[in-house]
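Biologist: Before I plan around this protein, I would like to go through the model with you. Could we begin with the open spaces on it, and then turn to confidence and charged pairs?

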Amino acid sequence: MCVSFKLHVALCSTPVLILVMSSLYNQLRADIITALKARESEKATGLRTADAGIQRASMDTEAAIDDALVISTMRKAVKNMTDANVEFAKAGRQDLVDNNDKEIVWLEAYLPAQITGDKLEAIVVDALAKSGAQTKREMGKVMGLLKSHPEAGLIDFGAASEIIQSKLV
């Protein structure tokens with residue numbers, strides 16, 4: 001679950017284990033403890049669910065828990081809850097929508113702000129120019145360039161897709 005390094009100390013031949021974890025993950029764990037001490041059971045449960053998702057993702061990918069894994073797992077959880085809200089609203093379950101909205105707010109506190117507005121449009125226009133795409137059939141080229149962009153982790157691809165479709169014929 002965390003990166004492990006063996007360090008041999010000069011005085012002793014026994015390896016010493018040094019654990020390195022994501023700062024976001026450490027903050028999440030500290031916030032779980034704070035919520036428990038403050039008796040905020042809903043928040044503690046929501047954060048524990050996110051913690052379990054991060055640990056599951058780490059085990060599934062056999063990767064250490066780093067900031068990238070924490071962010072991608074939290075983004076996925078937020079997206080799933082947002083999608084579930086649509087279904088809950090259709091079913092008339094406003095209580096579940098409210099619970100999900102609270103949890104989304106708690107999880108978004110750990111996520112960096114996404115690129116939106118003029119900056120996103122500038123990135124999309126640049127990708128359109130580089131790809132030479134003219135029709136909606138060539139949209140995949142543009143999306144591929146956006147996914148290889150240095151700030152790809154911060155791009156809202158749903159919004160980018162809408163901008164691309166409005167610019168292509």
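Modeller: This is a predicted model, and in it the largest pocket is lined by Ser72, Arg75, Lys76, Val78, Lys79, Thr82, Glu108, Leu111, Pro112, Ala113, Gln114 and Asp156.

Biologist: Which helix gives the largest share of that lining, and how many residues does it give?

Modeller: The lining of the largest pocket divides into four nonpolar, three polar and five charged residues, around a volume of about 370 Å³. Among the lining residues are Ser72, Arg75 and Lys76, and the element that contributes the largest share spans residues 67-90, giving six residues: helix H3.

Biologist: Which element gives the most to the lining of the second largest pocket?

Modeller: The second largest pocket, with a volume of about 280 Å³, has 13 lining residues, and those nearest its centre are Gly53, Arg56, Thr73, Lys76 and Ala77. Two or more residues come from each of helix H2 (41-61), H3 and H4. The most, six residues, come from H3.

Biologist: Where in the chain is confidence lowest?

Modeller: The protein chain averages a pLDDT of 84, and 88% of the residues score at least 70. Over residues 15-20, however, the pLDDT is below 50, although the model gives this stretch 19 contacts beyond near neighbours in sequence. Where pLDDT is low, the predicted coordinates should not be read in detail. Confidence is highest in helix H4 (residues 94-108), at a mean of 94, and lowest, at 43, in strand S2.

Biologist: How far apart in sequence are the parts that the pair Glu121 and Lys167 ties together?

Modeller: Glu121 and Lys167 form a salt bridge whose closest N and O atoms are 2.9 Å apart. Glu121 is partly exposed, at a relative accessible area of 32%, and Lys167 is likewise partly exposed, at 39%. Glu121 lies in helix H5 (residues 117-131) and Lys167 in helix H7 (residues 157-167), so the parts that this pair ties together are separated in sequence by 46 residues.

Biologist: Is Lys90, which forms a salt bridge with Glu87, buried or exposed?

Modeller: In the salt bridge between Glu87 and Lys90 the closest N and O atoms are 3.8 Å apart, and both residues lie in helix H3, three residues apart, about one turn of the helix. Glu87 is partly exposed, with a relative accessible area of 46%. For Lys90 the relative accessible area is 65%, and because a residue over 50% falls in the top class, Lys90 counts as exposed.

How values were computed: Residues numbered from 1 in each chain as written. Predicted model: local features only at pLDDT ≥ 70, side-chain atom pairs only at ≥ 80, totals over all residues. Heavy atoms only, no water. pLDDT = per-residue confidence, 0-100. Helix = DSSP H or I, 4+ residues; strand = E, 2+ residues; numbered from the N terminus. Contact = heavy atoms within 4.5 Å. 1 Å grid on protein atoms, 1.4 Å probe; cavity = no way out; pocket = protein on both sides within 12 Å on 5 of 7 lines; lining within 4 Å. Points joined across faces, edges and corners; volume = space filled by probe spheres on them. Nonpolar A, V, L, I, M, F, W, Y, C, P; charged D, E, K, R; others polar. Salt bridge = Lys/Arg side-chain N within 4 Å of Asp/Glu carboxyl O. Buried < 20%, exposed > 50% of the residue type's maximum accessible area, 1.4 Å probe, protein only.
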